[in-house]
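Here's a quick briefing to read alongside the model. Take a look at the fold first, then we'll go through the strands and the cysteines.

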Amino acid sequence: MTIATFPLNDGHAIPALGLGTWKSADDDAYRAVKEALRVGYQHIDGAWIYGNEEQVGRALAESVAEGVVAREDVFVTTKLWNCFHRPEDVEKGCRESLAKLGLEQVDLYLVHWPIAFRPGVIMPEDEEGFLPLSEAPLAATWEAMLALREKGLAKSVGVSNVSPSTLRQLVADTGVAPAVNQVELHPYNPQPELMATCAELGVHLTAYSPLGSMDRPATMKGEDEPPLLKSPKVAAVADAEGLTPAQLLIAWAIARGTSVIPKSTNAGRIAENFAAGEATPGADALAALDAIETRYRYVNPSSLLRPGITHDGDFWA
Ligand SMILES: NC(=O)c1ccc[n+]([C@@H]2O[C@H](COP(=O)([O-])OP(=O)(O)OC[C@H]3O[C@@H](n4cnc5c(N)ncnc54)[C@H](OP(=O)(O)O)[C@@H]3O)[C@@H](O)[C@H]2O)c1
């Protein structure tokens with residue numbers, strides 16, 4: 001099965017369905033990526049902060065060596081962590097990821113969050129760990145990302161977790177729209193304003209945590225979270241369409257024109273999710289998901305926000 005692609009504003013294209021790798025630890029990440037490439041995935045989503053780029057890279061290299069897939073047929077994304085936001089540190093962050101992945105170039109390199117930490121601080125323990133945006137404005141980080149593209153270290157560059165207002169400001173400041181904005185998108189967090197802004201600016205959206213991210217650490221979970229995969233509405237529509245709830249959520253994301261990157265380290269669920277790439281739920285089924293009124297954001301970085309230091313107002317999405 002060949003998965004459809006969406007065009008990017010720089011002339012490249014992104015496969016509509018990829019494998020997420022956040023929380024896929026060590027050998028699980030290696031096995032998941034190998035299995036995904038074996039069943040036909042051509043898009044792997046990673047990040048420096050996930051701590052598993054070596055395993056992802058090893059799985060990719062072995063799959064290429066074994067003739068399972070050609071390197072040029074796999075769209076590899078990774079992300080700049082918040083401690084590399086100063087323009088002079090951006091290439092260092094990228095080269096660390098490339099070295100771990102064993103690649104000379106990634107297909108997509110994203111600014112992971114529009115929040116900066118001081119160099120060397122992986123997760124701040126107090127306000128001292130943050131770099132004020134006045135010292136590392138997002139526009140300066142973005143200019144350095146564009147330079148990486150010019151150097152050939154990344155084919156495409158983009159952002160993640162960026163709100164409509166921050167995106168507009170970034171384009172106004174630099175004149176260059178990111179190819180991609182990767183954000184949390186699912187029926188409980190459909191972000192219509194962001195969808196409209198990205199369509200207007202020509203920025204492709206990738207949907208993360210499309211299944212509700214229930215394997216997040218307990219410290220990241222809210223009380224009484226509504227588990228998306230257990231939604232009776234999603235289950236009823238999926239049943240009527242002959243799909244599993246996960247497959248319906250993935251197909252809904254693709255039908256909205258967003259690429260989608262469900263994470264799994266389970267071989268059965270990796271295959272189940274991939275099969276959603278050719279599911280064609282009817283218009284009524286899609287409309288039923290659009291009509292869901294529950295609102296919930298699973299990945300909530302509020303503990304990382306320091307108003308007055310990191311941002312003013314509505315800067316992340
Ligand atoms: N840019 C960002 O800031 C950002 C933030 C969050 C996520 N992401 C990216 O988006 C990816 C996906 O998001 P996520 O990892 O938060 O969560 P997710 O994909 O919404 O959900 C993953 C959870 O769903 C389970 N699962 C997968 N397929 C399933 C199926 N068919 N049926 C039932 N359960 C299923 C997984 O368990 P098993 O593994 O056991 O199958 C895991 O517990 C991440 O891995 C990462 O690559 C990016």
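A quick term before we start: two strands count as paired if DSSP finds at least two bridges between them. Keep in mind that this is a predicted model. The tour centres on strand β6 (residues 106-111), then turns to the cysteines.

**Strand β6 and its surroundings**
- Six of the six residues in β6 are buried, so the strand is largely enclosed by the rest of the structure.

**The β5 side**
- Strand β5 (residues 75-80) runs parallel to β6, and four bridges join the two.
- Looking for a residue pair to click on? Thr78 has Tyr109 in β6 as its bridge partner.
- To get from β5 to β6, the chain passes through helix α3 (residues 87-101), making a right-handed β-α-β crossover.

**The β7 side**
- Strand β7 (residues 154-160) also pairs with β6: the two run parallel, with five bridges between them.
- Here, Leu110 sits opposite Gly158 of β7.
- The chain goes from β6 to β7 by way of helix α4 (residues 138-151), and this β-α-β crossover is right-handed.

**Cysteines**
- There are zero disulfides in the structure.
- Why is Cys83 not bonded to Cys94? The sulfur of Cys94 is the closest cysteine sulfur to that of Cys83, but at 13 Å it's too far for a bond.
- Cys83 has a relative accessible area of 5%, so it counts as buried.
- Cys198 is buried too, with a relative accessible area of 1%.

Notes:
Residues are numbered from 1 along each chain as its sequence is written. This is a predicted model: local features need pLDDT of at least 70, side-chain atom pairs count only at pLDDT 80 or more; totals for chains, interfaces and linings use all residues. Side-chain values use heavy atoms; hydrogens and water are left out. Buried means under 20% relative accessible area, exposed over 50%, partly exposed in between (1.4 Å probe, protein chains only). A crossover is right-handed if, with the strands pointing away from the viewer, the path from the first strand over the helix to the second runs clockwise. A disulfide is a pair of cysteine sulfur atoms within 2.5 Å.
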